[in-house]
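Open your viewer, pick a plain cartoon style, and keep the selection box handy. We will go stop by stop, with something to select each time.

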Amino acid sequence: MMDWGGEAQRRLQAIAGISEPGPGVTRLPFTPEHQAARGMIAGWMKAAGMDVHLDAAATLIGRKGPRDAPTFLIGSHQDTVRSGGAYDGIMGVALGCLAVERLAAEGVSLPFAVEVLAFADEEGVRFPTALLGPRALAGTYDPAVLEMTDRGGIRLADALEDAGGSAAGLAGLARTPGSVLGYLEAHIEQGPVLEAGGAAIGVVTGICGIERNAVTIHGQTGHAGTVPMKMRTDALVTAARLIAEVDAMARDTPGVLATVGSIDCAPNVVNAIPDKCSLTIEIRSADDAARRAFSSRITVLCGGLARSRATPVEVAKTYEQGAVDCDPALVSVLQAAAPDAPALPSGATHDASAMADLCPISMLFVRCRGGISHSPEEYASAEDMGAAIRAMVRFLSALESR
């Protein structure tokens, strides 16, 4: 009997070696490391009996089944953040290949085709955009992103061509919605909920919406030793009060997460009162209405602090992405395939969020140790990955009756 979870672990440890030098795994899109990893993934796909090809977005695709048959898609991404881990993204590709291989080993024949997709760029680390592969399949990619450049001044279009893709061919990748039955993505949870609940895997109900705001606070600088405390308008003190209030509000608002992840102040010297402070506030929720209501409360809070502290506060929304629900029918099949798996939302964005514009989506989370991700310490056990493969096999087999 094949130890499917153990095989997943072996494959992931092997491909983790394809990385830029340094701690953890650094495998950016359209790089030599990306192309080397594609060769290993192609081997996984062929072992499962799939035909393999590279599309114009540099997505590696393994397909099993008739060319003209309705198709169910399984996918995730092969790129990483800098100094990331060995599981984020690439685990979903490995588990998808092993699920198809296990179906064949057990003699299960599906009445539809299956494709496993290894997307090139989900993290958005090299270029200031992401999800090119799934957006191209969904017909929602923006051609303007091809002119974006990385830190070395290389255009995305040129990097894509160098990696075997085709900027001119992207528009032709859009799938006909009726030809795609659905999409499943297996991914590490990237959080502590499954571990805290003693669960190996979880069924995702939806992907949270995200809003990002840039906040600028204006004060008055002065000498730290000559301006009395009662006469100061300190931008950083206002920022500190805002940060504390945002955290307190989020802790008291079920289903909402809020983070101040970046802060700068000027003149940023030890003996001067800060006269300008810039920070970011990111809000996430699976409920868009709750997220927008929380955002409105922050606007009111900023106005009140501006008046009480005599420090004008400017708030500008810089990014917004709506929440995406997983398909209820697919969620039901997945829950039947994994009856002990709890249901939970995803607080992170995944390739599935873009695929939702093409077809019904579903996601399966796998427990990660300590909830740690985007770190060399990222880890999922062979046993948990084995449980995920079993659930994926049952899920695909159950789709025969849909």
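Start by selecting H11: this helix has 17 residues, and its first and last C-alpha atoms lie 24 Å apart, close to the 24 Å expected at 1.5 Å a residue. Keep in mind as you look around that this is a predicted model. H11 is mostly covered, with 12 of its 17 residues buried. Colour the buried ones, among them Ala382, Met385, Ile389, Met392, Phe395 and Leu396.

Now zoom in on Phe395. Beyond its neighbours within four places in sequence, Phe395 is in contact with Phe72, Leu184, Leu330, Val333, Leu334, Ala337 and Ser362.

**The nonpolar cores**

Phe395 also belongs to the largest nonpolar core, which has 101 residues; Phe30, Leu95, Leu170 and Phe395 are the members that touch the most others. Which helix gives the most to this core? Select H3, which supplies 10 residues. There is also a second, separate core of 21 residues, and Ile217, Val256, Ala258 and Phe294 are included in it.

Stay with H3 for a moment. Its 16 residues reach 23 Å from first C-alpha to last, close to the 22 Å expected at 1.5 Å a residue. Of those 16 residues, 14 are buried, so H3 is largely enclosed by the rest of the structure. Step just past the end of H3 and you meet Gly107, with a positive phi of about 75 degrees.

**Helix H1 and its cover**

Next, select residues 4-16, helix H1. At 1.5 Å a residue its 13 residues should span 18 Å, and the end C-alpha atoms are indeed 18 Å apart. Because 10 of the 13 residues are buried, H1 is largely enclosed by the rest of the structure. The buried set includes Trp4, Arg11, Leu12 and Ile15. What covers the buried residues of H1? Show helix H2 (32-47), H3 and H11, which are included in that cover.

**Backbone oddities**

Select Phe30 in the loop between H1 and H2. Its phi is near 65 degrees, a positive value in a residue other than glycine. Is Phe30 buried or exposed? Its relative accessible area is 5%, so Phe30 is buried.

Gln190 is another non-glycine residue with a positive phi, about 65 degrees. Look for Gln190 in the loop between strand S5 (180-188) and helix H6 (193-197). At 22% relative accessibility, Gln190 counts as partly exposed.

For a cis peptide bond, go to Ala266 and Pro267, where omega is about 5 degrees. Pro267 sits in the loop between strand S9 (263-266) and S10.

**Pockets**

Switch on a surface to look for the largest pocket, with a volume of about 970 Å³. It is lined by 41 residues, and those closest to its centre are Ile210, Arg284, Gly347, Ala348 and Thr349. Strands S7 (209-218), S8 (256-259), S10 (276-285), S11 (313-321) and S13 (343-346) each give two or more residues to this lining. Coloured by class, the lining shows 16 nonpolar, 16 polar and nine charged residues.

Finish at the second largest pocket, about 200 Å³ in volume. Select its lining: Asp51, Val52, His53, Arg63, Lys64, Gly65, Arg67, Glu115 and Arg175. Strand S1 (51-54) and strand S2 (60-64) each supply at least two of these residues, and S1 has the largest share, with three. By class, this lining has one nonpolar, two polar and six charged residues.

Methods
Residues numbered from 1 in each chain as written. Predicted model: local features only at pLDDT ≥ 70, side-chain atom pairs only at ≥ 80, totals over all residues. Heavy atoms only, no water. 1 Å grid on protein atoms, 1.4 Å probe; cavity = no way out; pocket = protein on both sides within 12 Å on 5 of 7 lines; lining within 4 Å. Points joined across faces, edges and corners; volume = space filled by probe spheres on them. Helix = DSSP H or I, 4+ residues; strand = E, 2+ residues; numbered from the N terminus. Nonpolar A, V, L, I, M, F, W, Y, C, P; charged D, E, K, R; others polar. Expected span 1.5 Å × (residues − 1). Buried < 20%, exposed > 50% of the residue type's maximum accessible area, 1.4 Å probe, protein only. Contact = heavy atoms within 4.5 Å. Core = buried A, V, L, I, M, F, W, Y, C linked by side-chain atoms within 4.5 Å.
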